[in-house]
Amino acid sequence: MAGSSEANRLASASARGDLTEVEMLLQTGANVNERNEFGRTALQVMKLGNPSIAQVLLRANADPNVRDPLGGLTVTHDTARDGYEDTLRVLVEHGADVNIQDTEGNLPLHLAAREGNLDVVKFLIERTAQPLHRNLEGKTACDLAKTHNRMTTARWIEEYMRLQN
């Protein structure tokens, strides 16, 4: 039971963005990949806009490709959706796979485009194996940008793809 209590403390500190406590817990032997009482790791619940937390967890060998029990999202999906390019860069530098699909067939690129996070789209599109991948609804990242009225993002993707051909 001490382990799960430790996992809860590490996840809670990560979610708050408490770098000092995260480092202390890791130094005293907390298992960075142990799941908290909600079935999530510290990396999955970390404060997304805090690349320092990501860096510390990843240096402690946190797995950046763990899927959320609901929806099959990875932290890369969450970070792309919410537009945290700096944190996304840290994740990718430590082995995060930008080509993992969630349960709806969306890549992180899809979620970034849907939200109009153009800087994230620009970062991801060059690292995505199939930028024209269609999700289970048959939509590409560009289609989602258009559907959600993210026209600047949609136009940029169209121009990028045109230049690739």
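Reader: Let's start in the middle of the chain. Which residues of helix 8 are buried?

Author: They are Leu 118, Val 120, Val 121, Phe 123, Leu 124 and Ile 125. Keep in mind that you're looking at a predicted model. "Buried" here is a label with a cut-off: under 20% relative accessible area.

Reader: What makes helix 8 count as largely enclosed by the rest of the structure?

Author: Just look at the tally: helix 8 runs over residues 118-125, and six of those eight residues are buried, so the rest of the structure largely encloses this helix.

Reader: And what do the buried residues of helix 8 pack against?

Author: Four other helices: helix 5 (75-82), helix 6 (85-93), helix 7 (108-115) and helix 10 (151-164).

Reader: How do you know that helix 5 is mostly covered?

Author: By counting again: six of the eight residues in helix 5 are buried. The buried ones are Val 75, Thr 76, His 77, Asp 78, Thr 79 and Ala 80. They pack against helix 3 (42-45), helix 6, helix 7 and helix 8. Right after helix 5 comes Gly 83, with a positive phi near 85°.

Reader: Let me pick one residue, then. Why is Thr 76 called buried?

Author: Thr 76 sits in helix 5. Its relative accessible area is 0%. The limit for buried is under 20%, so Thr 76 earns the label.

Reader: What does Thr 76 touch?

Author: Leaving out residues up to four places away in sequence, Thr 76 touches Pro 64, Leu 88, Leu 91, Ala 96, Val 98 and Pro 108. To count as a contact, heavy atoms must lie within 4.5 Å.

Reader: What about Val 90: why does that one count as buried?

Author: Val 90 belongs to helix 6, and its relative accessible area is 8%. Set that against the cut-off of under 20%, and Val 90 is buried.

Reader: How far apart are Val 90 and Pro 51, in sequence and in space?

Author: They're 39 residues apart in sequence, but C-alpha to C-alpha they are 6.6 Å apart in space. Val 90 touches Pro 51, along with Ala 54, Gln 55 and Leu 58, again not counting residues up to four places away in sequence.

Reader: On to aromatic rings. Why is the pair of Trp 156 and Tyr 160 called stacked?

Author: A search of the whole structure finds one aromatic pair, and Trp 156 with Tyr 160 is that pair: 5.2 Å centre to centre, with 20° between the planes. Ring centres have to lie within 6.5 Å to pair, and planes under 30 degrees apart count as stacked. The pair of Trp 156 and Tyr 160 is therefore stacked.

Reader: What makes Trp 156 and Tyr 160 about one helical turn apart?

Author: They're four residues apart in helix 10, which means about one helical turn separates them. An α-helix has 3.6 residues a turn, so residues three or four places apart point the same way.

Reader: Why is Trp 156 called partly exposed?

Author: Its relative accessibility is 23%. Partly exposed is the range between the under 20% of buried and the over 50% of exposed, so Trp 156 belongs there. Tyr 160, with 15%, is buried.

Reader: What makes Asn 61 exposed?

Author: Its relative accessible area is 60%, and exposed means over 50%. Asn 61 lies in the loop between helix 4 (51-59) and helix 5. It has a positive phi of about 75°, although it isn't a glycine.

Reader: Why is Asn 149 called exposed?

Author: With a relative accessible area of 59%, Asn 149 passes the over 50% mark. You'll find Asn 149 in the loop between helix 9 (141-147) and helix 10. Its phi is positive too, near 55°.

Reader: Now the whole chain. How many helices and strands are there?

Author: There are 10 helices and zero strands.

Reader: How do you know that the radius of gyration of the chain agrees with that of a compact globule?

Author: For 165 residues, a compact globule would come out near 15 Å, and the chain has 17 Å, which agrees. Along its principal axes, the C-alpha trace spans about 55 × 25 × 25 Å. Of the 165 residues, 48% count as buried.

Note on methods: Residues are numbered from 1 along each chain as its sequence is written. This is a predicted model: local features need pLDDT of at least 70, side-chain atom pairs count only at pLDDT 80 or more; totals for chains, interfaces and linings use all residues. Side-chain values use heavy atoms; hydrogens and water are left out. Buried means under 20% relative accessible area, exposed over 50%, partly exposed in between (1.4 Å probe, protein chains only). Helices (H or I, at least four residues) and strands (E, at least two) are DSSP runs, numbered from the N terminus. Rings of Phe, Tyr and Trp (its six-membered ring) pair if their centres lie within 6.5 Å; planes under 30 degrees apart count as stacked, over 60 as edge-to-face and the rest as tilted. The radius of gyration is taken over C-alpha atoms; the globule rule is 2.2 Å times the number of residues to the power 0.38.
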